[in-house]
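Please find below my notes on the aromatic side chains, written for reading alongside the model.

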Amino acid sequence: MKAKIKKIQFLSIVIFIITVIFLLVFILTKNTSPKVSETKKSSDKLILGFSQIGSESAWRTRNTQSIFEAAAENDIQIIFDDAQQKQENQLKAIRSFIVYQVDVIAFVPIVEDGWDNVLTEAKEAGIPVILVDRQINADPSLYAGFLGEDGLEEGRRAARFLINKCRNKAETVTIYEMSGTENSSVVRDRAKGFREIIAKEQKFQIIHSEDGDFLRSRGKEIAENLILNSSKSAGSYKKDGLYYNNQKIDAVYSHNDSMTLGLLDSIETYGVNTRDTIIISVDAEQKSIDALKEGKLNCVVECNPNLGPMLMALVKQIAAGKSIPRITYNSETLFTEDDDFSQYEPRGY
């Protein structure tokens, strides 16, 4: 009898233990199921590897911000790299994106050449690449497409303004050009577009082109050298305008606002009167628009930095296995001294 009771007690204990284990498994499974779902959701998020050339200007900073804002709005994760104006840093970044197996790579190429090997590596890894802001010299099959500005048209717009501004002037119009980073596509295009238009009239003459590397410090330095070298007498300089090799400069064509603002810094520091000098800039940062309103500039060609929404649309499209356009241009406009300034809205950068 006692043995029977013990057997019943043993079975009861076993049943109780099994019941407890079942309940624990049920509870744990229920509690962890959302985490499994969240993990799956996280793994499904598109990952974009993005390499920016640096933060040398308000335009560049806004360009980066636009891309981060649009990525957040589209639930796209960004692995970001700041190349600090060095191509070797970008090459390392792109290779790290490949190792990480991102879904799409986008980068702003500092210069045009030297990308074939790394882009071949990306292609072999099955990762599509989108060029942003600047173009490159490479096999077109190595990248999916380009998103950015139409540099040729920006140069043409600057030249058209200058031609119209000088339409009643018969004598030669001397032009001093401050170009951007050497061997970059945007420099080539802005220079080419500008020359294409002024070549239609012989009176327009570019007397010198100086590489300012898109930097405010270089624009300031270039203008300072022009001012201090305007006179043969030590310690003196001409204050009635800017001169190059003792030839008065009628117009300055600057490839970006940072260099232009540096130019204005030196003009103000040395008290040079440039009211008769036509100054044309490219980008349309708020500070250059303010200078336009104050009469320090005559024309500002917009280069729109807000590429984020368009880039994310292309990223999602190509990640879905669809092709994207070879070239996608952003919308841009022109600001001149003849505008109604009351219609201007804050630039935001």
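The points that follow deal with aromatic ring pairs and with charged groups placed over rings.

1. The model is predicted, and a search of the whole structure finds 9 aromatic pairs in it. Two of the ring pairs are taken up in detail below.

2. The rings of F50 and F80 have centres 6.0 Å apart and planes at 35°, an angle that is neither under 30 degrees nor over 60, so the pair counts as tilted. Because F50 belongs to strand β1 (residues 47-52) and F80 to strand β2 (residues 77-82), this pair ties together parts that are 30 residues apart in sequence. F50 is buried, at a relative accessible area of 0%, whereas F80, at 34%, is partly exposed.

3. For F194 and Y253, the ring centres are 4.1 Å apart and the planes meet at 15°, so this pair is stacked. F194 sits in helix α6 (residues 185-198) and Y253 in strand β10 (residues 251-254), so the contact ties together parts that are 59 residues apart in sequence. F194 counts as buried at 1% relative accessibility, and Y253 is likewise buried, with a value of 1%.

4. Returning to the phenylalanines of the second point, ring pairs link F50 and F80 with F68 into a cluster.

5. Which charged residue lies over the face of Y243? That residue is K238, placed at 4.2 Å from the ring centre. A further case involves R326, which lies over the face of Y143 at 4.7 Å from the ring centre.

Technical notes: Residues numbered from 1 in each chain as written. Predicted model: local features only at pLDDT ≥ 70, side-chain atom pairs only at ≥ 80, totals over all residues. Heavy atoms only, no water. Phe/Tyr/Trp six-rings, centres within 6.5 Å; stacked < 30°, edge-to-face > 60°. Helix = DSSP H or I, 4+ residues; strand = E, 2+ residues; numbered from the N terminus. Buried < 20%, exposed > 50% of the residue type's maximum accessible area, 1.4 Å probe, protein only. Lys NZ or Arg CZ within 6 Å of the ring centre and 35° of its normal.
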